[in-house]
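Let's take a walk through this model together. Keep the sequence and the 3D view side by side as you read.

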Amino acid sequence: MIQDQEVLAAEMERTFIAIKPDGVQRGLISEIITRFERKGFKLVGIKIMVPSNGFAQKHYHGLKERPFFNGLCNFLSSGPVVAMVWEGEGVIRYGRKLIGTDPQKSEPGTIRGDLAVVLGRNVIHGSDGPETAKDEISLWFKPEELVSYTNNAEKWIYGQN
Ligand code: GDP
Ligand code: MG
């Protein structure tokens with residue numbers, strides 16, 4: 001019983017993932033979604049939007065003292081962004097693993113390692129921890145834009161006991 005509750009709680013972990021304007025313009029939407037989907041994570045929210053500069057500033061508020069902040073916000077608001085919420089056990093931390101870090105330092109096999117060359121055009125954003133995931137999900141999505149559902153593959157991804 002305790003184990004079932006743990007599994008249930010773990011399955012509820014959610015992270016915010018965004019395909020940035022460079023990823024959208026370069027035709028990488030399906031490529032990026034595929035990597036999360038085939039891992040076994042579950043898509044529970046998705047929309048495409050052009051964030052305003054003010055919205056980008058809110059999203060990146062933690063970086064406002066950094067010299068690249070204005071350029072970063074201009075870039076994020078320069079075109080359509082695909083905003084998503086993915087759910088699964090360990091999705092916050094493992095999502096960051098799928099993403100990689102600096103494109104020049106990321107291993108092949110990661111999204112930034114395979115699909116990006118420079119730091120300022122790194123195709124994807126992912127929440128860096130539970131608190132930022134919570135904040136970013138509520139910045140980008142209304143609760144009613146997120147769906148909870150059982151995916152038939154879950155019993156094969158997680159096992160039943
Ligand atoms: P992330 O969590 O890996 O996305 O990286 P950070 O939270 O540190 O920075 C947010 C975003 O700012 C990164 O994804 C980059 O797009 C951008 N960025 C970070 N560092 C630099 C930098 O030194 N120069 C520029 N131009 N952009 C940066
Ligand atoms: Mg970050």
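Start with Ala 18, whose bridge partner in strand S4 is His 125. Strands here are DSSP runs of E with at least two residues, while helices are runs of H or I with at least four, and both are numbered from the N terminus. The link belongs to a wider pairing: 3 bridges join S1 to S4 (residues 124-126), and the two run antiparallel. For strands to count as paired, DSSP has to find at least two bridges between them.

Before going on, a word on the ground rules. This is a predicted model, so local features need pLDDT of at least 70 and side-chain atom pairs count only at pLDDT 80 or more, while totals for chains, interfaces and linings use all residues. Residues are numbered from 1 along each chain as its sequence is written, chains are lettered from A and ligands numbered from 1 in the order in which they are written, and side-chain values use heavy atoms, leaving out hydrogens and water.

Back to S1, which covers residues 14-19 and also pairs with S3 (residues 81-87), antiparallel again, over 6 bridges. There, Phe 16 has Val 85 as its bridge partner. Now look at the side chains of S1: Arg 14, Phe 16 and Ala 18 point one way, Thr 15, Ile 17 and Ile 19 the other, and all are buried. Buried means under 20% relative accessible area, exposed means over 50%, and partly exposed is in between (1.4 Å probe, protein chains only). Why the two directions? In a regular strand the side chains alternate between the two faces of the sheet.

His 125 deserves a second look, since an unreviewed UniProt entry lists it under "active site"; such annotations may be inferred rather than shown by experiment. His 125 counts as buried because its relative accessible area is 10%. Among the residues it touches (heavy atoms within 4.5 Å) are Phe 16, Lys 20, Tyr 60 and Arg 112.

Lys 20, Tyr 60 and Arg 112 turn up again around ligand 1, along with others including Leu 63 and Asn 122; each has a heavy atom within 4 Å of the ligand. Which side chains make polar contacts (N or O atoms within 3.5 Å) with oxygen atoms of ligand 1? Lys 20 does so at 2.9 Å, Arg 96 at 2.8 Å and Arg 112 at 2.8 Å. Taken alone, ligand 1 exposes 540 Å², and the protein buries 68% of that.

Note on methods. A polar contact is a pair of N or O atoms within 3.5 Å; within protein, one must be able to donate a hydrogen and the other to accept it, and residues adjacent in sequence count only if both atoms are side-chain atoms. Accessible areas come from the Shrake-Rupley method with a 1.4 Å probe; for residues, only the protein chains shown count as cover. Lists of a residue's contacts leave out its neighbours within four places in sequence.
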